[in-house]
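Take a look at the model below. The text after it walks through the fold, one part at a time.

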Amino acid sequence: MTVIKLAIIHISVHHHNTYKVAEARGVATGGTVLTVDEAKKVDLSEYALVGFGSGIFFSSHHPALLRFVREHDTIPNKVFLFSTAGLPSLHWIWHRLLRKALQKKGIQILGEASYPGWDTVGLLRWIGGIQRGHPNEKDVSAATQFALRMAASTPTESSLA
Ligand SMILES: Cc1cc2nc3c(=O)[nH]c(=O)nc-3n(C[C@H](O)[C@H](O)[C@H](O)COP(=O)(O)O)c2cc1C
């Protein structure tokens, strides 16, 4: 279990792909898993580290997540970004808007990762979609390892004292 206070803020609307990643990470790290709506009622400055993630929709994170980040002033200084996507290898493009919104606030991004997520957008529905069965156990395990690494690289209050 992590000793730092970690919040994992996500929105998952297509096939609950991102939810599976967020939930497993919460269990592995002892972090608090919040939807964007739940996070609106929480004082994020209480957390040492926040992970932000959603599926990718038309080349960027979900608009509600982007809006949340742009409108909130209590985001802690250390965050990580994640997503699930039909084409996760292009996450350096898909994460651009969220990355920019955080960097504009001077927030340090410790790391970014993306995992395959079942995608049945548009005509893909007729062939059963792409990335069917993802995120699978291997993806979720990689995602929890990543979150543990992010937590381990965040100084605790006692180590700063
Ligand atoms: C309307 C729509 C647009 C999408 N656009 C993209 C995209 O631009 N790039 C991509 O890699 N995946 C795209 N996807 C696939 C989703 O990002 C993927 O299925 C993701 O895992 C959904 O996450 P969720 O189930 O947590 O909402 C799109 C899916 C939908 C429904």
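What follows moves from the whole chain to a central strand, then to the ligand and a few loop residues.

This is a predicted model. The chain holds seven helices and six strands. Along the sequence they come in the order β-α-β-α-β-β-α-β-α-α-β-α-α. The C-alpha atoms fill a box of roughly 55 × 30 × 25 Å along the principal axes. The radius of gyration is 15 Å, and a compact globule of 161 residues would have one near 15 Å, so the chain agrees with that expectation. Of the 161 residues, 42% are buried. Sequence separation adds to the picture. Take the contacts between residues at least 6 apart in sequence: 76% of them join residues at least 24 apart.

Now turn to β1. This strand spans residues 6-11 and runs parallel to β2, residues 32-35, with four bridges between the two. On its pairing with β3, β1 is again parallel, this time with six bridges. Individual residues show the register. I8 faces V33 in β2. H10 has a partner in each neighbour: T35 stands opposite in β2, and G53 is its bridge partner in β3. The link from β1 to β2 matters for handedness. β1, α1 and β2 together form a right-handed β-α-β unit.

How is β1 covered? Six of its six residues are buried. In a regular strand, side chains alternate between the two faces of the sheet. In β1, L6, I8 and H10 point one way, while A7, I9 and I11 point the other way. Both sets are buried.

Next comes the ligand. Around it stand 22 residues, and S12, T18, G55, T84 and G117 come nearest. Three elements give two or more residues to this shell: α1 (17-29), β3 (49-57) and β5 (78-85). By class, the shell has 10 nonpolar and 11 polar residues, with one charged residue.

The loops hold some backbone exceptions. Most residues other than glycine have a negative phi, and most peptide bonds are trans. H16 departs from the phi pattern, with a positive value near 60°. H16 sits in the loop between β1 and α1. It is partly exposed because 15 other C-beta atoms lie within 10 Å.

Q131 also has a positive phi, about 60°, and is not a glycine. Its place is the loop between β6 and α6. Is Q131 buried or exposed? Q131 counts as buried because it has 22 C-beta neighbours inside 10 Å, and the threshold for that class is 20 or more.

The loop between β6 and α6 (137-152) also contains P135. The peptide bond from H134 to P135 is cis, with omega near 0°.

One more loop residue closes the tour. K105 lies between α5 (96-104) and β6 (108-116). Why is K105 partly exposed? It has 13 other C-beta atoms within 10 Å, and a residue would count as exposed at 12 or fewer. K105 and S89 are 16 residues apart along the chain, and their C-alpha atoms are separated by 26 Å.

How values were computed: Residues numbered from 1 in each chain as written. Predicted model: local features only at pLDDT ≥ 70, side-chain atom pairs only at ≥ 80, totals over all residues. Near = placed C-beta within 6 Å. Nonpolar A, V, L, I, M, F, W, Y, C, P; charged D, E, K, R; others polar. Pairing = 2+ DSSP bridges. Right-handed = clockwise from strand over helix to strand, strands pointing away. Rg over C-alpha atoms; globule rule 2.2 N^0.38 Å. Contact = placed C-beta atoms within 7 Å.
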